[in-house]
Amino acid sequence: MSVAPEKRSFVRLPREKRMRDIEKAARLVFSQHGFDAAPVNEIAAEAGISEGSIYKFYTNKRDLLHTILRTWYLSMIDDFKAKLEGIEGTRARLHIVIWQHMKSIKESPDLCRLFYSEVRNAPDYYSTELYEMNREYTRVLMGILAKGIAKGDIRPDTSPALVRDVIFGGIEHHVTAYLMNRGDFDYELVAGQLSQLVFCGIAAAPPEPPRDLNALIERLEQVTDRLDQTSSEKG
């Protein structure tokens with residue numbers, strides 16, 4: 001008498017967990033091969049699923065890329081809001097925005113490269129959700145500048161849009177070599193120098209000597225640690 005073979009049991013992972021695994025695998029494969037040359041079957045193998053399963057969650061490879069970058073933008077916006085909470089003073093808040101932006105580039109150069117090369121230069125960029133998220137991201141700085149003008153900390157003839165372009169454009173130019181794997185940069189040092197340079201140029205009166213930036217950075221790192229712990233507990 002033959003014995004019926006045992007049926008294999010499969011564990012169905014929650015949709016969110018499956019998507020996180022795919023996005024983690026895609027980020028790795030994109031960084032190794034570049035977006036265009038990244039094989040979808042290699043992403044699937046890295047995630048431990050079939051290639052066809054990827055298309056249950058994403059329309060195509062570009063949709064997958066945009067999802068990864070949207071998650072990154074959301075985390076950066078949340079970081080801005082968390083670290084600015086309770087921080088007083090236009091100069092200190094300006095420094096935090098510059099510091100956090102440069103820290104994000106230093107920690108995620110692969111995502112920066114993908115955004116610059118595959119998204120921002122695309123013909124349809126200005127009609128995408130990522131463009132709107134980038135505007136929301138930079139509006140944090142614009143809000144600080146507008147409040148600084150209203151409080152009298154910043155000269156009333158200052159153009160917030162021009163200051164925004166100087167800060168983000170200057171940072172992008174400074175980190176280009178790093179993103180091309182041809183150099184490095186100290187984001188804490190550069191953030192301090194850039195925030196001083198900008199604020200001294202737009203201050204309504206000669207600025208006071210900066211507070212202890214090391215104490216401020218330590219406070220920010222404590223906030224980051226708490227956010228990381230909360231994220232890991234949710235995961």
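Q: By class, what makes up the lining of the largest cavity?
A: In this predicted model, the lining has five nonpolar, one polar and one charged residues. The residues are Val40, Ile43, Ile54, Tyr55, Asn60, Lys61 and Leu64. Val, Ile, Tyr and Leu count as nonpolar and Lys as charged, so Asn60 is the polar one and Lys61 the charged one.

Q: Which elements give two or more residues to the lining of the largest cavity?
A: Around the cavity lined by Val40, Ile43, Ile54, Tyr55, Asn60, Lys61 and Leu64, they are helix 2 (40–47) and helix 4 (61–84).

Q: How many cavities of 30 Å³ or more does a search of the whole structure find?
A: One. About 30 Å³ of space lies in the largest cavity.

Q: Why are helix 7 and helix 8 called oblique to each other?
A: Helix 7 (residues 129–151) and helix 8 (residues 160–179) pack at about 130 degrees. Roughly perpendicular covers 65 to 115 degrees, and roughly antiparallel needs over 145. The angle of about 130 degrees fits neither, so the pair is oblique. The axes are 10 Å apart, and the crossing is right-handed.

Q: Which residues make the contact of helix 7 and helix 8?
A: Helix 7 gives Tyr137, Thr138, Leu141, Met142, Leu145 and Ile149. Helix 8 gives Pro160, Ala161, Val163, Arg164, Ile167 and Phe168.

Q: How do the residues of the contact of helix 7 with helix 8 divide by class?
A: Ten are nonpolar, one is polar and one is charged. Arg counts as charged and Thr is in neither the nonpolar nor the charged list, so Arg164 is the charged residue and Thr138 the polar one.

Terms used
Residues are numbered from 1 along each chain as its sequence is written. This is a predicted model: local features need pLDDT of at least 70, side-chain atom pairs count only at pLDDT 80 or more; totals for chains, interfaces and linings use all residues. Side-chain values use heavy atoms; hydrogens and water are left out. Axes are lines fitted to C-alpha atoms, for helices over the stretch in contact, and angles run from 0 to 180 degrees between N-to-C directions. Helices (H or I, at least four residues) and strands (E, at least two) are DSSP runs, numbered from the N terminus. A crossing is left-handed if the near helix is turned anticlockwise from the far one by less than a right angle, and right-handed if clockwise. Contact means heavy atoms within 4.5 Å. On a 1 Å grid over the protein atoms alone, a cavity is a set of points where a 1.4 Å probe fits but cannot get out, and a pocket is an open set with protein on both sides within 12 Å along at least five of seven lines; lining residues have an atom within 4 Å of a point. Grid points are joined across faces, edges and corners, and a volume is the space filled by probe spheres set on the points.
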